[in-house]
Amino acid sequence: MLSKILFVDDDPLMAELAVLIIESAGYGVKHCASGKEAIATVGSYCPDLIVLDMQMPEMNGEQTLSELRKIESVKATPVIFLTGDASEEDIARYIAIGAIGAIAKPFNPKILCKTIQQLWDSQ
Amino acid sequence: MTMDDNQDDYLQVIQQKFLVKLQENHHAFQVFLGKLPNKSYTMSECILLKDIIHQIAGSGKTFGFDEVSVYASKIEERLNILIDNQEDSRGGEGLEIALAALIKISQELIQNNNTKSGVNIEKSKPIEEKIQYQHTILIADDDNLVTELVSNYFKHHNIKVLSASDGQTAMDTIETAHPEIIILDVNLPKIKGFDILKQLKQNADTKDIPVIMLTKMDNDKSVIEGISNGAIEYITKPFEVEKLSSTITSCLQLHEIKILIADDDELICKLLKLRFQKLGYTVITAKNGEEALRLYKESKPRIMILDIMMPSIDGMAVLGQIGDKIPVIMLTAKSQHDNIMSALEKGAYDYITKPFNADELVAKTVGILKRHHKNNG
């Protein structure tokens, strides 16, 4: 069952909105502002699913994913990318590198949780 | 209340925050717009403006402001052309119109919001008092638009940015406000950046504050001068706000890590302190075992470098009390083989024999800190 979500995005407003929405839908959620922070966080917080913004400074979503995969506790945790590039080819590429799917940015806040749940169910 | 109602409420709160963000940048937008006709803008301004516009373009639509997103994307596109072809000014075409349109639309949105919600965004003097700033930094640059854009950006990351447009103001601000990090442009009016740096390093109150220098591209000489004068990092102009942001974040993180050095040889303490400070760490030193134990309890260092031969309480006794609660590297004379063995048994992490190579000790310490950081999350 999906109960704990880690949301990684460097835009503070975007993250605030996402956290409010995800929480109000009844999931647990923790926010990290960078890939580095996410890597440090998964030591103590073990999410069922990770939503990763693709465009972040220092470490982008792809680099973060490959670092996360080296950590035992999140080796196999499903990951969804949040990205401006969400054409079919892009999504195929994300799946090839180990994500379960992608959510296009800008996303519609009203269906954010639905989309996350659907991607989770579809694995 | 249904879930959807809840979400509408949340969206409204975020929408207002987004409008506040737009409002905060209005002044900067207008200043930049004023510079467009005679091309008196700088590349630093273009790049910083692009960073902020990029965020607005990316999130505007999600927050329900499609039009803002559309114009912001147009502005971003044209700023990119301007930045890529620095000599060629064609990017400016259409930029003026799009920027003016964005300013107009956001003003209308803010006014609509004010009448609808009864919250006056311009007058609510928004978050200034409400934000719980976690850090205070100073940026000294004579380009006011640059400091304004940087300050607007960091406000939303809970970092308060003080600004100074000349060297004298920078010195005054540092004295009164004690920022945690100082960002200095090399070419400041009144007092040049390097002269400020030198003065800061000579003053006991300010010598431990990490300094980042801003230099023009390709100026190796100034980079070397900066580093040798005690700057911990340099950033070339024009810079991206994200680059500055990640540098500042790592500086703040490193600065929170304390290294305790306990040795009765003051020269060793001084030398090591300087080396670790250059890397951005905070260093505390103790002249004897008693002081070391007191500082260990008071300052909660992350790692300790401990000389065995010290007056009053010696290193072994100190280690006996600390054990393996934090990593301890023992400093010992070559002949003390027995001491080394019993130190390791008592929980010491590692040892180095005197006379030692400072590079090796620094590398060892940094390695241990990194491994510990990883393991402890």
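Reader: Hi! Which elements make the right-handed β-α-β unit in chain B?
Author: Hello! This is a predicted model, and in it β1(B), helix α5 (residues 144-155) of chain B and β2(B) make that right-handed unit.

Reader: Cool. In what sense do β1 and β2 of chain B pair, parallel or antiparallel?
Author: Strand β1 (residues 135-140) and strand β2 (residues 159-164) of chain B pair in the parallel sense, over six bridges. To find your place in the pair, look for B:Thr136, which stands opposite B:Lys160 in β2(B).

Reader: Now a helix, please. Which residues are buried in α12 of chain B?
Author: Helix α12(B) covers residues 315-322, and its buried residues are B:Gly315, B:Met316, B:Val318, B:Leu319 and B:Ile322.

Reader: And why are they on the same side of α12(B)?
Author: Because they cover an arc of only 160° around the axis, they are put on the same side of α12(B). As a general point, an α-helix has 3.6 residues a turn, so residues three or four places apart point the same way.

Reader: Nice. What covers the buried residues of α12(B)?
Author: The cover includes α11 (289-299), β8 (303-307), β9 (328-333) and α13 (337-346) of chain B. Just after α12(B) comes B:Gly323, with a positive phi of about 60°.

Reader: Which residues other than glycine have a positive phi?
Author: Two to look at are B:Lys39, with phi near 50°, and B:Lys190, with phi of about 70°. For background, most residues other than glycine have a negative phi.

Reader: Where is B:Lys39, then?
Author: B:Lys39 lies in the loop between α1 and α2 of chain B, and is partly exposed, with a relative accessible area of 45%.

Reader: And B:Lys190, buried or exposed?
Author: B:Lys190 counts as exposed, because its relative accessibility is 72%. Look for this residue in the loop between β3 (181-185) and α7 (193-202) of chain B.

Reader: Changing topic: which peptide bonds are cis?
Author: One of them runs from A:Lys105 to A:Pro106, with omega near -5°. Another joins B:Lys354 and B:Pro355, where omega is about -5°. A:Pro106 lies in the loop between β5 (101-104) and α5 (112-121) of chain A, while B:Pro355 is found in the loop between β10 (350-354) and α14 (358-376) of chain B.

Reader: What about empty space? How many cavities of 30 Å³ or more are there?
Author: The structure holds three of that volume or more. The largest cavity has a volume of about 70 Å³, and its lining is made by B:Lys21, B:Asn25, B:Ile52, B:Gln55, B:Asn152, B:Tyr153, B:His156 and B:His157. The elements giving two or more residues to that lining are α1 (3-35), α2 and α5 of chain B.

Reader: And the second largest pocket, what volume does it have?
Author: About 630 Å³. Its lining has 31 residues, and nearest the centre lie A:Gln55, B:His54, B:Gln55, B:Gly58 and B:Glu76.

Reader: Which element gives the most to that lining?
Author: That is α2(B), with seven residues.

Reader: Last one! Why does A:Thr77 count as buried?
Author: Because its relative accessibility is 7%, and the cut-off for buried is under 20%. A:Thr77 is found in the loop between α3 (61-68) and β4 of chain A. Leaving aside neighbours within four places in sequence, A:Thr77 is in contact with A:Pro47, A:Asp48, A:Leu49, A:Ile50 and A:Arg69.

How values were computed
Residues are numbered from 1 along each chain as its sequence is written. Chains are lettered from A and ligands numbered from 1 in the order in which they are written. This is a predicted model: local features need pLDDT of at least 70, side-chain atom pairs count only at pLDDT 80 or more; totals for chains, interfaces and linings use all residues. Side-chain values use heavy atoms; hydrogens and water are left out. Two strands pair if DSSP finds at least two bridges between them. Helices (H or I, at least four residues) and strands (E, at least two) are DSSP runs, numbered from the N terminus. A crossover is right-handed if, with the strands pointing away from the viewer, the path from the first strand over the helix to the second runs clockwise. Buried means under 20% relative accessible area, exposed over 50%, partly exposed in between (1.4 Å probe, protein chains only). The arc is that of the directions from the helix axis to the C-beta atoms. Contact means heavy atoms within 4.5 Å. On a 1 Å grid over the protein atoms alone, a cavity is a set of points where a 1.4 Å probe fits but cannot get out, and a pocket is an open set with protein on both sides within 12 Å along at least five of seven lines; lining residues have an atom within 4 Å of a point. Grid points are joined across faces, edges and corners, and a volume is the space filled by probe spheres set on the points.
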